[in-house]
Structure formats: structure tokens, C-alpha cells
Amino acid sequence: MEEYKPVPLTDDPIFMTFRNNGVSPALECRGLSKAYGAGRVLLASLDFTLDPGEFVAIMGDSGVGKSTLLNLIAGLDQADSGEVLIDGTAISSLDDNAATRLRRQKLGFVFQAFHVLPHLTLVQNVALPLLLNDTPPARALDLLEAVGLGGRGDDFPRQLSGGELQRVAIARALVHRPTLILADEPTGNLDPETAHEVLSLFRAEIKANGAAAIMVTHSMAAAASADRILILSEHGLHATQPSQSAGEHQ
Amino acid sequence: MSGRATAPSRRIAGGRLLARWLLGAEWRSHPARAIVAIATIALGVALGYAVQLINSAAFNEFSAAAKSLSGEADLQVRGAQPTFDENWYPRLATTPGVALASPVLDLDVTVPGQTAALKVLGIDVFRASRITPELIGVPSGQRPLDTLSDDAIFLSPAAQQWLHVAPGEHVALLSGTSIIRFRVAGGLVRTRPGQRVAVMDIAAAQWRFGLEGKLSRIDLQLQRGVDRERFKRELQERLGNQLVVAETRDDESRTDRLSRAYRINMNVLALVALFTGAFLVFSTQALAVVRRRAQFAMLRVLGYTRGQLLRQILMEGALLGVLGSALGLALGYALSSIALRFFGSDLGGGYFPGVQPRVSFEPVASTIFLALGIGVSVLGSLVPALEAARARPAAALKAGSEEGALARLATPWPAVICLAVAGILALLPPIFDVPILGYLSVALLLVGGIALMPRCTAIVFTALSQWHAKRRTRAVTTLALARLANAPGQASIAMGGVLSSFALIVAMAIMVASFRVSVDEWLTHLLSADLYVRVAANGDTASLSPGEQTAIAATPGIGHAAFTRTSHLTLDPARPAVALLARDIDATDPGAAMQMTGPVLPPSTLQDGETPIWVSEAMVDLYRYRLGQRLKLSIGAQGGTFVVAGVWRDYARQTGAIQLRLPDYRRLTGDTGATDAAITVDRGASVEGVIANLRKLPFGAAMQFAEPGDIRARTLTIFDRSFAVTYLLEAVAIVIGLFGVAATFSAQTLARAREFGMLRHVGVTRRQVLAILAAEAGMLTALGIAVGFVLGWAISLILVFVVNPQSFHWSMSMHIPWHVVSTVALVMLISSCATAVVAGRKAVSLDAVRAVKEDW
């Protein structure tokens, strides 16, 4: 396993195309395959590219491999074959420590169950990625302000509602200016009205911060807030158009 | 785009700050658990450190006092027996290379009415003033020649205080059966605090104590430039085995060997509490890791490396250890100061009489105990930390993955390896006369047994659950059994402390009971006479002359009087002297007089001129004596060939003892005195009547009488007192074990609030939830007690058959004190169930709806 060094893929034609435009893709999946147990194929030769600043929703039936895809992208699981490139770096070529360092610098996460540390204050929770990157934690307060929780930095998670907790998670995902945000059912635990608010905020913030984002969701309404929607099925990943409601979200 | 990732202009030590935040959050959220863990470590360290400080202070003071008696001597020439002919003195004084020779008569003098002897040194003041200047008497200005006076004695301040006498007053001492009085002429130049010693002129001492022409030792100062080692070797060759050439460092070695096993055993015992505490730290940390599993997984997802996570958990454990150890050192210091002030330096073993040690800060011991406390805490955290670092973040983020965190605990191989190594270590000999490998074997047995617990729990409760499933029984039992069978890791963690403390209490109880019953049987065998008479309960100046022995034997009411002469023999100057007991022994049936441990050599196998001796088990261990072995011993002026005719059990003298027939002793030494008499009373005569008759003898006042029942009772009282500290330390280990149960059950129960909330939703009553908890705790503790008993029994085998013989050089037979074991088991069972229910009340008191809500 090699150490993580963000080296450009100079011999890659896709990279060269982007380089000619002055940008490289935020995420690129090439021929990604993953099977579990006795030949239960979840993902088969998946190809997928995400442009910088692009917000994509991935939908699909339960058990089709949406969360597995996110885990593979994050380097939390190993693909059987294929490659994941984050900002030009093949994550599968990195050892665990290098993959972890890449994750801490380039990725942000939003979970369905929020996963906010219960015994840290809100500002401490948001500042976690900054500290992991040895960065002063001051920006955490700005992000809390941005997600509408200004002045509540010293509160503890137990004092917050579900929607507020997800705002904290969004702030945490964005605070260190990641390249890519991975969101797994971010509104799965929220009521429709709160979900709508959170999604609007999520979209606004990722756009404001220039991050790309992948959101896995079962909710068509949630998916409609994305720039494009991909459907994951046993036949692979297929594009579909955001519904009319997407426009309303946007 | 890569430039979009944070590229700070100013970098900070974010990892350190995050580590502080995480630690602070954990301790803020669960302060009680941190406090219990710290208190446990503190208690363990405090007990170990206090015992170490007390023993060390006592040993150092005792050693310094012994050393002060040798002064500036380069070498000491001693007799193999307590005294030797003074004609050796001029020969040694004129030996080339000797600058100065100072003769000394060193006596432990019996003091009427006192339980301990007084050390009296007879010295040549002119010579001793150059070798032991601190031990010179300081006469009053009016009587400057008292140092040479035959009725004057100089007492150290501690001796004056002990005997309640002041200069000018008189002190009574025993010589033979006669009381002789000395005038206290003053004090000594300088002695150690608490050191009881008296000094007088050597010629006066020889005369007054009936040892004319006898010396105990000759202190030598060598001329400059003389090679001490070579001189010593050549002198020893010239002197033969009648005299022993020793160095002053041998004094220290003797003192060390005398009490080493006792001190090490006490220290190990004191560390049991720390050992039990390690399991508490382990269970606290393991459950904390299980509880925080998803939090750690989230941190890993955000970019926390495995190494960072491992360091964080180990750092949290180490910090518990640092705080606990620092507190423990302070507590230990205070405890030792209090113990020395109020109870003296004797922790029950009786190894350090007559010293007044003071506790002093010991940097090395402090560092060791600090490291032990931290090490135990870090070790307790290591397995949970490794597991947390190994966990796959994606899987760990999912609810219900907690048992997976403990899956590795059920791997039986480490446990089996521990048990196998323990078995091998138990068979190995001691190191430096100390059963280090035996103790290591005990520790590995405990670790192995505890590591097997998850597997045992799974096997036993899976079988029970399957058996139970075929029967139509209550939901409570079904639920309790299902958890124990399917989450054995979590269940077993709670049992670590219980298992270790119960196993240790069983082991100690079996060992102590085996020892006590064996001592009792030994006493019964030993005390076959109706009455025991003694003139020298302590010291070596009192004895019965042949005429006095005849008078005793002829006293009305006495059927038979068997006399014993007790003395000692130095075989190795670096080891304590061996007791020499000359008494009536039937060589064809020595078992009638002593408890033999194996076959005996019949007298017919002896050749002419050979003398049979019977040696204690310690002689076999320490001097490698074997049945039938022929050897030369310096008993009497001529010595002779002695044959080991049997090995006997002796619980009184761990440094070794030799018995021989009284006529043989008298023939060889010409010493016709006796120190003890075992009296068989005539039929029809009463013991009280015989005592009254003996008291009427002219020397009746000098004799002490004891009936077998009194001796037995007194011996067992001393035995129980010497184990009192053991019981105390064991009790602390049990309390820590129960603390562990309380802390672990409490943590587990609160962590299961959501599960209980769900059960309440589906109609399980609060009472039923509590019943589930009680059933789980009861069944688990019962299994823990069963496994603990087996483990304790196995450990007791090592204590009885390995540690004790290697430490004290005596064997014993096994006895299991069922009533003690079952009482402790019952107490632990009830305590565990009660703890689980008390902890459960808090969990079920939560609102059922709130409890099932995701608390992230």
C-alpha cells in the first residue's frame, strides 16, 4: 500500500479531458464491483463520475447496495475490483492510515442517525474535522451560525431536536471544506417539513462551499433536491431526471 | 480542487485538543465509573505500597541494627556451634595480615518475666573500641572503670526502657536456672532506635554466664593491602569446619534470607487487590468501548486513524492509572505511617522483633508501584483498545453490533496457552529461593480461567437455553437465558472481578485451612507428653544441669521425663543458623517423636562410628540433604560422620532443624545441660500436683510449665494472628471484586435501557424486567462461582504444593473449608443479584418511550 500523496493521474484520458478544462472530477468510480457471501453480487462494474460542486442523489430498493457504494467511496470497505478516485487519488491504493487521512481532508459525512457525539458540545462536535486536520476550530462557530444554530455552540446534543441535530451534522460535514460530501439517508429520521428545511439547508451549504455531494435516499422528495438522480439497481446505475419538484427545491 | 481541502495558514495540535475533549466528555458523562476505577487502582497500590514500606522500613532497621553489632570488622570468625574455645583468639590475633582481633561473647540472655531475650555482648573494651566504637559502655564520671567491672552492664536506651531500669538500678538475668543481678552502669555510645542490646566486660560475661573459656566470635581487622577474599579463603582452609569465616555482608544476607519469603509473600498478597482491580479496569474500559463503539466508528469515518484511536483509549486507561497510583502512593504512605505508629513493624509474621522503624519515602519502590498501577490500568485497557481500533467503522456504526466487539474474547486459544504455561511454571524450581514462577503460574491460571469465561458462558447457557426451549416455562427465564447464551462476551465481562476475587479467596481459604489443619495434626503428634517444662523460653543462657534433671525425674508423680537440649549450628555464614535439637529418639521408631514425611533409615544400616540424624524438610530444600546421605557436621570438638536417617515435618523453624539422640549429642559435645523436658505423669497423679511438686524444687522458680492444650491453643492463636493481615487483604480483594460487579452490571443495565424500553412497549412489566436482571445476575454469578471454585482449587494446589514449600520449606496436606467457601459464595451470589436489581431499577425507571428513542 502506498502513502497518500495527491498526485495527478497524468496518464489517464478522463483526467486529461478534465485537465484540459482546468478541473479534475471530484469523484470517479471505475468498474466498481462488490459481492457478499455466496456470490450475492451487490455492485457489478459500476462506472460513475461526479463533477466538482455537483449534487447527486442515489436511489434504489433496500439492500441493492446504496450504503455499500458509499462505504466503498469512503474507503471504509474494499471493492472486489475496480477503483475509486477522490479528487484524482485512487483510494484503494492507499493503506488504512493514508485512506483515513484522505477521508479526513477530502470527505464530509452526514448520517441518517446523525452520529453527533452526545457528550461534546455542539461547537466541539462541529470542530472535530478541523482538529483532525490540525486546524484552529474557530470556523466551527461560523458553520453553526450558517446552519441556524448561532449562539448555541455550548449546548449539548440532548438539548436539540432531530432536525437541529442534522443541522449540526451538516455543519460538521462542511466545516473543513471537503471536496465531497457523502450523505446516507440524511432525512430518514425527520418529519417531512423538517426534512425539507434540512435538505434546503444542505443544498445551499454544499453549493456555498463548492463541495460535491452524493446523497443516498429512499425519498423521491429528498432526491428531487439534487442536481441529478441516479437509480441503483441490480442492473447498475442509471440516470433519471429530477422531478418537477426538484425545481421547487432548487 | 485539491486546494479546496483545508490548507490552514496556522496549524495547531488538533489531535491533542481532540484527545482532551474526548477524555473530558467521557469523564463528565460517567464520573462515577472513572472514580470507581481510580479508587480501585488507588486501593490496590496503597495496600501494596504500604506493606512494602512497612516491611522495608522494618527490614532496613533490623538489618542496620544487626550490622551495627559488627562495626568496622573486615571479617568475623564464628563457631559452627554457638560458642568455641577462646584459645583460637591468640592464634588469630597473631596471624599474619591481621591488624586487630576483638573477641566477643554474643549471648541471647533469658530475662525472667519477659517473652523475648536480651542480646548481651561481652567485649574486650580496649579492642572493641577500635572495631565497634558505638557499642562501648559510657560509665558515669564517678565510676570510670565500670567497663571492666564484673557486676556492671551497659544497656541501650531501648533496653533500659524495655526493662524499666535506669543507670544505678539493677537488672535480673537468667544463667542456667539461677537469677543473676547486674548493676546498670550506663548507656552505650550510640545504638539504633529500638535496638535492645547490653554490653559488659567479656571476662565477666564468661564467668557470670558459666561460659569460661568460650567465645562466640572474633572480629578481625585486616592490615592495609591484604586481599580480603584471598585471606578469607586461606583462613577458612586452615580453620577447617569447626569455625566459619564470615563477612559483615553475610549478616545482611542472613537477615534477608530469614524474612525474604515472608516479605515477598506479603507483598504478593497485597498486590492481589491490585490484580483484582485490573479486572475492574478491564471491565470498565471494555464496556466503555462497547458503549462508545459507534462513536469511535464515527470518529474513524471522519478521519481518526487506528493508531490515534488506540492511543486515545490507552491514554484514558493510563490516566486512570496515573491518578489512581498517585493517590495510592499517598494513601499507602499514610497507611504505613499509621500502621507503624500504632501496630509496630510486625505485620503478624514476628520477623522483626525489637526495632522501631520509621517510614521513609522510597523512590525506587514508589516508581515501581506507580508503574504497576499505570501498567495494570493500561493492560486492562489494551484488549478493549485493540478491539476498538480493529473494528470496521461501517459495521460498527450500525446498532446492535456491540457483541461483535467482544467476539474475540471468546477465542479460547490464549486462555488455553495461559493455562498450559501455568502448568509448566508450577513444576519449575524457585528462583533465588523465592517461588516467583509459582506466583506467575497462579497469575496465568487466573488470567487463563477468566479468559475462558466467555466460552464457558456461551457453552453452558446455550445448552441450558436449548434444554429450556423444549419445556414450557416463563418468559423471564427464556429472555435471561437467551441473552446469556447469545451475548456471552458482555455477560462475562462482569464476572472478571468476581471470578478473580472468588478464585483467590477459595485458594487462600484452602491454603490457610490446609496449613492450619496440618499444624494442628503436627502439634497433636508433637505434644504427646502430659506436661512441658522449659527454663529458656527464649535466649540461650538458661539450662538445666544434670543434677537438676535428675531432681526433676525423681519428683513425685512423674513417670518419665524426656529432656531436650536446644542449640544451633551454623552451616553457611550467609544463611541463618540451623536449630539443633538433642532429645530422646528411638532410632527404630523415630515417628514416635516426630512427624516423618517419608521412609526412615533403620539403625542396622549405620556403620560403626556413624551417628544418625533426622532433618527437617527445610534441610532438604536449603542444603540438599537426602535420606541416607553421609556428611560431616561440626557438632562437638571432634565432629564426626552423620547419616540422614529420616526427614520430618517442622512448622516451627523454616530455616532448618536437625534432631539427634541426646546421648549422641552429649557424647560428642560433652554438654550435659537441657533446655526442655517433656513429662509423662504417673497414673493416678495429676498434672497440677506435679507442677506444684516441681515448683518446690530449689530452681522451681526458673521453670515455666505448659500443658499440651495450652501450647496448642497458643500456637493456633499465633497462627491465626499471623494470617489476620492475609484475611484483611483478601477482604479488600473481595470488596473490589463486588465493586467490579456493581460497576459492570450498572453500566450494562443502563446501556440496555433501550432494550428494556422495548420490552415495556410489548407488555413486559417493570417487575419482570427486574426479574430478568436478577435471573441473569444469579445464573451468571452461579457459573462464575462454579468456575471460580475450580480455578481457586487449582490455584490452591500451587499454593499448597509449590509456593509454600518453596517459600517456607514445609509441606502440608490439603483440606477444603467447605463452610467458608459456601458462605463466601452465598454472599457473592446475593450481592450480585442485589446489585443487578438496584442498577436495573434506574434503567426501568426511564420512560419507556424515551428509552427506545435513538439517543444519538
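This is a short tour of a predicted model, with suggestions for what to select at each stop.

**Stop 1: chain B as a whole**

Start by showing chain B alone. Along its principal axes, the C-alpha atoms fill a box of roughly 100 × 75 × 50 Å. Turn on the cartoon and you'll be looking at 28 helices and 21 strands. Of the 856 residues in chain B, 50% are buried. If you take the contacts in chain B between residues at least 6 apart in sequence, 84% of them join residues at least 24 apart.

Now give each domain of chain B its own colour. Domain 1 is 23-68 + 263-405, and domain 2 is 81-240. Domain 3 covers 449-523 + 710-856, while domain 4 is 531-706.

**Stop 2: where domain 1 meets domain 3**

Keep chain B up and select domains 1 and 3. Here 27 residues of domain 1 of chain B are in contact with 29 residues of domain 3 of chain B. Which elements give two or more residues to the domain 1 side? Pick out α2 (31-68), α8 (248-291) and α13 (402-405) of chain B. The largest share of that side comes from α8(B), with 17 residues. Colour the domain 1 side by residue type and you get 15 nonpolar, 8 polar and 4 charged residues.

**Stop 3: strands around β8 of chain B**

Next, select residues 178-188 of chain B, which make up strand β8. A few other strands pair with it, so add them one at a time.

- Strand β5 (residues 137-139) of chain B pairs with β8(B) in the antiparallel sense, over 3 bridges. Look for Gly137(B) opposite Leu188(B).
- Strand β6 (residues 152-155) of chain B runs parallel to β8(B), joined by 3 bridges. Here Ala152(B) stands opposite Arg183(B).
- Strand β7 (residues 170-175) of chain B is antiparallel to β8(B), with 6 bridges. Click His170(B), and its bridge partner in β8(B) is Arg183(B).

Stay with that last pair for a moment. β7(B) and β8(B) form a hairpin with 2 residues between them. In the turn, Gly176(B) has a positive phi of about 65 degrees.

**Stop 4: one leucine in chain B**

Jump to Leu581(B), in strand β15 (residues 578-583) of chain B. Is Leu581(B) buried or exposed? Leu581(B) is buried, because 25 other C-beta atoms lie within 10 Å. Leaving aside neighbours within four places in sequence, the contacts of Leu581(B) are Thr564(B), Thr566(B), Ala657(B) and Gln659(B). You can also draw a distance from Leu581(B) to Arg653(B): these two are 72 residues apart along the chain, and their C-alpha atoms are separated by 11 Å.

**Stop 5: the sheet in chain A**

Switch to chain A and find the open sheet of 6 strands. Read across it and the order is β6-β7-β8-β3-β9-β10, with mixed pairing. The edge strands are β6 (107-111) and β10 (236-240) of chain A, each pairing on one side only. From one strand to the next, the twist averages 20 degrees.

Zoom in on the β6 edge. There, 5 bridges join β6(A) to strand β7 (residues 180-184) of chain A, and the two run parallel. Phe109(A) stands opposite Leu182(A) in this pairing.

Now bring in the helices. Helix α6 (residues 162-174) of chain A lies across β6 and β7 of chain A, at about 170 degrees to β6(A). α2(A) lies across β3 (55-59), β6, β7, β8 (212-216) and β9 (228-233) of chain A, running at about 150 degrees to β7(A).

**Stop 6: where the two chains meet**

Show both chains again. The contact takes 43 residues from chain A and 34 residues from chain B. On the chain A side, α2 (66-74), α3 (96-106) and α4 (122-132) each supply at least two residues. α3(A) gives the most, with 8 residues. The chain A side divides into 20 nonpolar, 14 polar and 9 charged residues.

**Stop 7: the cores**

Finish on the inside. The largest nonpolar core has 273 residues. Among those with the most contacts inside that core are Val126(A), Leu182(A) and Ala273(B). Ala171(A) is another of them. Not counting residues up to four places away in sequence, Ala171(A) touches Val126(A), Leu143(A), Leu144(A), Ala146(A) and Val147(A). A second, separate core has 65 residues, including Ala80(B), Ala101(B), Val244(B) and Leu531(B).

Notes:
Residues numbered from 1 in each chain as written. Chains lettered and ligands numbered in written order. Predicted model: local features only at pLDDT ≥ 70, side-chain atom pairs only at ≥ 80, totals over all residues. Core = buried A, V, L, I, M, F, W, Y, C linked by C-beta atoms within 7 Å. Buried ≥ 20, exposed ≤ 12 C-beta atoms within 10 Å, placed from the backbone. Contact = placed C-beta atoms within 7 Å. Domains from an automatic or database assignment. Helix = DSSP H or I, 4+ residues; strand = E, 2+ residues; numbered from the N terminus. Nonpolar A, V, L, I, M, F, W, Y, C, P; charged D, E, K, R; others polar. Pairing = 2+ DSSP bridges. Axes fitted to C-alpha atoms, helices over the stretch in contact; angles between N-to-C directions.
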